[in-house]
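Open the model in your viewer and keep a selection box ready. Each stop below says what to select and what is there.

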Amino acid sequence: MPRRRPGQGPDGNYDPYADSYYESGYEDQTGSGRRAQAPRGYDRQGAIPADRGGSGPHFYDPSTAARSRGAGLPDIEDEDFDDEEPSNWRRRTAMIAIGGGAAALIGGGAYAVTQFFGEGTDPANTGAEVPVDTAAPAYVDQNQSLMNGQAGLGIRKNTPTTGNSFGTPADAAKNAKVTAKTVLPTKDPVRHLAGRLTFGPNSKTIADINKLGINGWIAKQLKPETIPLTRGEQKADAELVTWSMSYEQLKAQREDLDKKGIQADEQNVRYAIAKQLFSDRQLFEMMVDFFGDYFHVAAFHEGNELTRASFERDVIRKHALGNYVDMFVAGNRHAALLKYLDQDESTKDQINENLARENLELYTVGAFNGYTEADVRQAAMLQTGRSVRDNQYVYRPEQHYVGPVKIMGFSHANPTAEGGEAVQEAYYRYLALHPNTARYMAQNLATRFVSDVPPKTLVDAMAKTYLDKKSNIPAVLMTMLSRTEFWASVGQKVRRPGEYLTATYRALEIGADAPAGFTSNNTNLSPMVQGLGDIKRKLEEYGHAPMELPTPNGYADVYVAWTSAGTMVNQWNDAYTAITGGRRQFTWQKPEAIIASPPATAGAYLDALTKKLINVTLDNDRRLAILHIVSPTMTASTPVDATFNGAIASVVRAIFATPHHHLR
C-alpha cells in the first residue's frame, strides 16, 4: 500500500481517524514495529478524544466545545444565551452576525473545503512533469494541497498577483496598493506590520512602530538580542526550571522533578506559550513558531522526554534568525530528531528511510520537487551510522554504509566508514542550499506572512535571496518586507486558533504576575506556570498547542485547514474567560478599566475600545450590531457609564468576535 504519514488518510489528506504511526506504513523499514507516540492525553492518532472537546485541522465536535472556561462564565451556547429568552437570542444572533464573515473577507468559499491530492501532478501548475515512483508516491505540500480546492480558488482571486521591490520596507509600504476587498484599513501600514510580524499587537507594539518608524522597528526586531526581556520572559526563565537544564542535569534530577510533577517536555511547551504571550521580541518568536512547523519534531515522543527542549533551544531558537543551512545540519546531529524519525534504529544492514524521506519531503526541497524514491533510498543508505547513545548524538562508523551515493545531483564515492559523517554533512549542506529548497522555504515563509496563496513574483524574489545569501533568513525576510506584495496583502491571512488566543491576551495586556491574594494548593509550580498549563490545555482543545502535532509535517498554515464554526465559537468563549479574569493566575484589568477615561456616549466609548484593542474604527453596521447586544434601542448617542451600562464584558467579547480580530 502507498506510504502514509501518520494522521493521513488513504488520499494523502489529513485524517484524524487514520491508522496509527506504524500501521499506516510510516514505520521504520526494519520491521521493528516501533512507532511515534502521541502526546499524553491524546488517542494514538494524536487527536484529542471527542469527550475532551477535541478540535483541530478538519474536525471538531461542537457538542463538547468550550469545556475549559472559567467557573460561572457564560458561553454563547450556555445559560447567558438561552434560546427561550428573546434578549439572549438577540445577543447570540448579533455575535454570529458580527463574527461570521472572516472567510468571505479573504475571498469566500472557505467553508466549503475540498482538498486536492494528486499523484504525479505538479502543484505549482508549471506544466512540468514530475518524476514519481508509482510504487511509493510522495504527497504534495499540505498548504498547497489545501489551497487547490474551491476554497483556495476563491481566496486566490483576492490575492495580489505581482509586485515590485523597493529599497526599504517603508518605501514598499508607501507604494503598495491594496486592491482586494477587506474590512481592514487599507492605508494603515503600521497596523498591517504589527498584525503580520507579531502574535498580536498591543499598545506598546503600535507605539514602538510609530516611534521607531517601519524601517527602524523591523531592524530592531531582526536583532532580538537588543530588545530587553520583559517581566513575563524573566519569570518564564526563572520559573520553568527545566528550560535551561542540560541533558545531564535533567537526567540527574529526573526523580526529584517527577515527584514534583515537573516534566521537561511539558515545560518546554509552556515556555513557548509564555514567549508568544509576553515577549517584545515578537518577530523572533514568530520565526521560532514557523520553524517549529517547518522543521517539526513532536513535543511529546517516547524517549525524547529529556531532549526535546534542547532541540528547541539549541537548534530552532539558536538559528531562527540565522542561516537555515546551520539549523538543518544541527538538527540532523540532534538526538531528538534522530529518535523521532527512528534514525537510531537504522544500520547498514537494516536501513530505515524515515529521516531520509522527511529531510527531502518536509525539511528541504519539499514533496514533488525533484527527488525520486531512488534518491530517498540512497540518502537513507548514506545516513547510516548517524545514531543516538545515552540520549546524545553519536556517529557509529561500524554501522555506516560504504559505497558510492547519488542524491538529487549530489554524488560522492563515500569510500570509508570513518569519513562517512563528513560526507553526510556535505550532503546536508548541499540539500539546504538547493534551488528547490530555496523556493520551498520562500513559499512557506510567504504563506506564513503574506497570503495563503502567495504571489509567484514574491516567492521568486525571496528564493533568489535565499540562494544569494546562503540561506540567511533575515535577508529573505527583508526581501519580503521590501516588496509591495507584502504590503498589498491586507486582509489575506486569518489567525489560526492559537494565534487568536495569543492575540486576545496581548490586546488585553494580561500580565504574568498573579494578582494579590491568589492561592493555590500546588506549591511546586508557580502561579504563572499553572496558568500557562491552563492555556496549553485550551490550545490542545483547539488542536494547536506549540510543537504538539504528533506527525512530522507540522501544523497547516492556511485558513481552510482550521475553519470550523465550533472552533470560532469556542474562541469567543475563551476570550470571555480572558476578559473577565477567568484564569486567576494572571494579572488582568477589569474590562471597565481598559479605557482610562471612557467617553460618556455609547458610540464614542465603543470607538475608543476598538481603537485600543483591535486598532480599527468599525463601520456603522458593526457598531450598531454591537450596541444592540447591550440594548435593542441603544444608539451611538446613548449615555453610558464605565461599565457600558453593565454590558462591558459582552461588548469587549463582541469586539474580539469581529473579523478584524480574526484577521492578521
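Begin with α18 and colour T437, A438, Y440, M441, A442, Q443, N444, L445, A446, T447, R448 and F449, which are buried. This helix is mostly covered, with 12 of its 15 residues buried. The model is a predicted one.

Next, check the length of the helix. Helix α18 covers residues 435-449, and its end C-alpha atoms lie 21 Å apart. At 1.5 Å a residue the expected span is also 21 Å, so the two values agree.

Keep F449 selected and widen the view to the nonpolar interior. Which residues have the most contacts inside the largest nonpolar core? They are L193, M287, F291, F295, Y324, F449 and L477, in a core of 88 residues. Helix α11 gives the largest share of this core, 8 residues. A second core, separate from this one, has 75 residues, and I273, A299, V529 and A602 are among them. In soluble globular proteins, nonpolar side chains tend to be buried together.

Now turn to the aromatic rings. The structure holds 21 aromatic pairs. Select F291 and Y294: their ring centres are 6.3 Å apart and their planes meet at 85°, and because an angle over 60 degrees counts as edge-to-face, this pair is edge-to-face. Both residues belong to helix α11 (residues 282-294), where they are 3 residues apart, about one turn of the helix. An α-helix has 3.6 residues a turn, so residues three or four places apart point the same way. Is F291 buried or exposed? F291 is buried, and Y294 is buried too.

Move on to F295 and F328. These two form a tilted aromatic pair, with 5.9 Å from centre to centre and 45° between the planes. The pair links distant parts of the chain, 33 residues apart: F295 is in the loop between α11 and α12 (308-319), while F328 is in helix α13 (residues 324-331). Both of them are buried.

Stay on F295 and show its surroundings. Leaving out residues up to four places away in sequence, F295 touches F311, V315, I316, Y324, M327, F328, G331, N332, L337 and Y363.

For a ring with a charge over it, select W243 and R313. The charged end of R313 sits over the ring of W243, 5.9 Å from the ring centre.

Then select E353, in the loop between α14 (335-340) and α15 (354-361). Its relative accessible area is 12%, so E353 counts as buried, the limit being under 20%. Add R377 to the selection: a polar contact of 3.2 Å joins the side chains of E353 and R377.

The last two stops concern backbone angles. Go to E509, in the loop between α22 (497-508) and α23 (527-542). E509 is not a glycine, yet its phi is positive, about 55°. With a relative accessibility of 38%, E509 counts as partly exposed.

Finish at N645. Where is N645 found? It is in the loop between α26 (620-630) and α27 (648-657). N645 has a positive phi of about 55°, although it is not a glycine. Its relative accessible area is 42%, so N645 is partly exposed.

Conventions
Residues are numbered from 1 along each chain as its sequence is written. This is a predicted model: local features need pLDDT of at least 70, side-chain atom pairs count only at pLDDT 80 or more; totals for chains, interfaces and linings use all residues. Side-chain values use heavy atoms; hydrogens and water are left out. Rings of Phe, Tyr and Trp (its six-membered ring) pair if their centres lie within 6.5 Å; planes under 30 degrees apart count as stacked, over 60 as edge-to-face and the rest as tilted. Helices (H or I, at least four residues) and strands (E, at least two) are DSSP runs, numbered from the N terminus. Buried means under 20% relative accessible area, exposed over 50%, partly exposed in between (1.4 Å probe, protein chains only). A charge sits over a ring if NZ of Lys or CZ of Arg is within 6 Å of the ring centre and within 35 degrees of the ring normal. A polar contact is a pair of N or O atoms within 3.5 Å; within protein, one must be able to donate a hydrogen and the other to accept it, and residues adjacent in sequence count only if both atoms are side-chain atoms. The expected span of a helix is 1.5 Å times one less than its number of residues. A nonpolar core is a set of buried Ala, Val, Leu, Ile, Met, Phe, Trp, Tyr and Cys residues joined through side-chain atoms within 4.5 Å. Contact means heavy atoms within 4.5 Å.
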